[in-house]
Structure formats: structure tokens, C-alpha cells
Amino acid sequence: MALLFIAKDPNTNGTQCPTAWVDDAAQEIVIQGWKAGDALLAQCRESGPVPETEAVVRLPIRMVPAIREACDVADRLGVH
């Protein structure tokens, strides 16, 4: 199955918006969000470095149901 679409941010126009997927082949939850600005990134780095191979993204709280659904789908698919 590989990449399974879960949901887009319900308060956007449906394009270029936060989105959640489950990738059962890679055993991952995949999130599209807004890039963190310099100030937020600096605050995140207070907890530790953010490697060049990783990114900090922002999601609106209204995406919590989609993230929960992605977690539930991953659990049902046996993604660990």
C-alpha cells in the first residue's frame, strides 16, 4: 500500500496545506506542515540540535484529529 492519505487541514482551501499520511512500507507517519521560522527554530534548538536532514514544521491544533487518525491507522496496519 505504501502511502495512505489521512487528511488535510480542514480550515484551508485543500491545496498547499498541512497534511497527514501513513507510509506502511517505510513504517512512518508523514506530516506536511508550515516551515518553522527562525525564532521558533531557535527555541526548538534549546532542547538539542536539529540536523540538516531534519526539519521543524508547524501544524495547527485543529490537525490533532488527523494525527490521531494517522496513529490509529498505523496501529491497525502494524506500523511500529
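Here are three short exercises, with worked solutions, on a predicted model.

**Exercise 1. Strand β2 and its neighbours**

Find out which strands pair with β2, and in which sense.

*Solution.* Start with β1: this strand and β2 pair in the antiparallel sense over 5 bridges. To see one of them, look at A7, whose bridge partner in β2 is A20. Next, turn to strand β3 (residues 28-32), which also pairs with β2 in the antiparallel sense, over 5 bridges. Here V22 has I29 as its bridge partner in β3. Finally, follow the hairpin of β2 and β3: 4 residues sit between the strands, and Q27 takes a positive phi near 60°.

**Exercise 2. Buried or exposed?**

Decide whether β2 is enclosed by the rest of the structure or not, then take a look at T19.

*Solution.* First, sort the side chains by direction: T19, W21 and D23 point one way, while A20 and V22 point the other way. Then check burial: 5 of the 5 residues of β2 are buried, so the strand is largely enclosed by the rest of the structure. Now zoom in on T19, which has a relative accessible area of 1%; buried means under 20%, so T19 is buried. Among the residues T19 touches are F5, V30 and M63. Its side chain also makes a polar contact with the side chain of K8 (3.4 Å).

**Exercise 3. A salt bridge**

Find the salt bridge and work out which parts it ties together.

*Solution.* A search of the whole structure gives 1 salt bridge. R62 forms it with D9, and the closest N and O atoms are 2.7 Å apart. R62 lies in the loop between β5 and α2, and D9 in the loop between β1 and β2, so the pair ties together parts that are 53 residues apart in sequence. As for accessibility, R62 is partly exposed at 36%, whereas D9 is buried at 3%.

Technical notes: Residues numbered from 1 in each chain as written. Predicted model: local features only at pLDDT ≥ 70, side-chain atom pairs only at ≥ 80, totals over all residues. Heavy atoms only, no water. Buried < 20%, exposed > 50% of the residue type's maximum accessible area, 1.4 Å probe, protein only. Polar contact = N/O pair within 3.5 Å; in protein donor to acceptor, adjacent residues only side chain to side chain. Contact = heavy atoms within 4.5 Å. Salt bridge = Lys/Arg side-chain N within 4 Å of Asp/Glu carboxyl O. Helix = DSSP H or I, 4+ residues; strand = E, 2+ residues; numbered from the N terminus. Pairing = 2+ DSSP bridges. Lists of a residue's contacts leave out its neighbours within four places in sequence.
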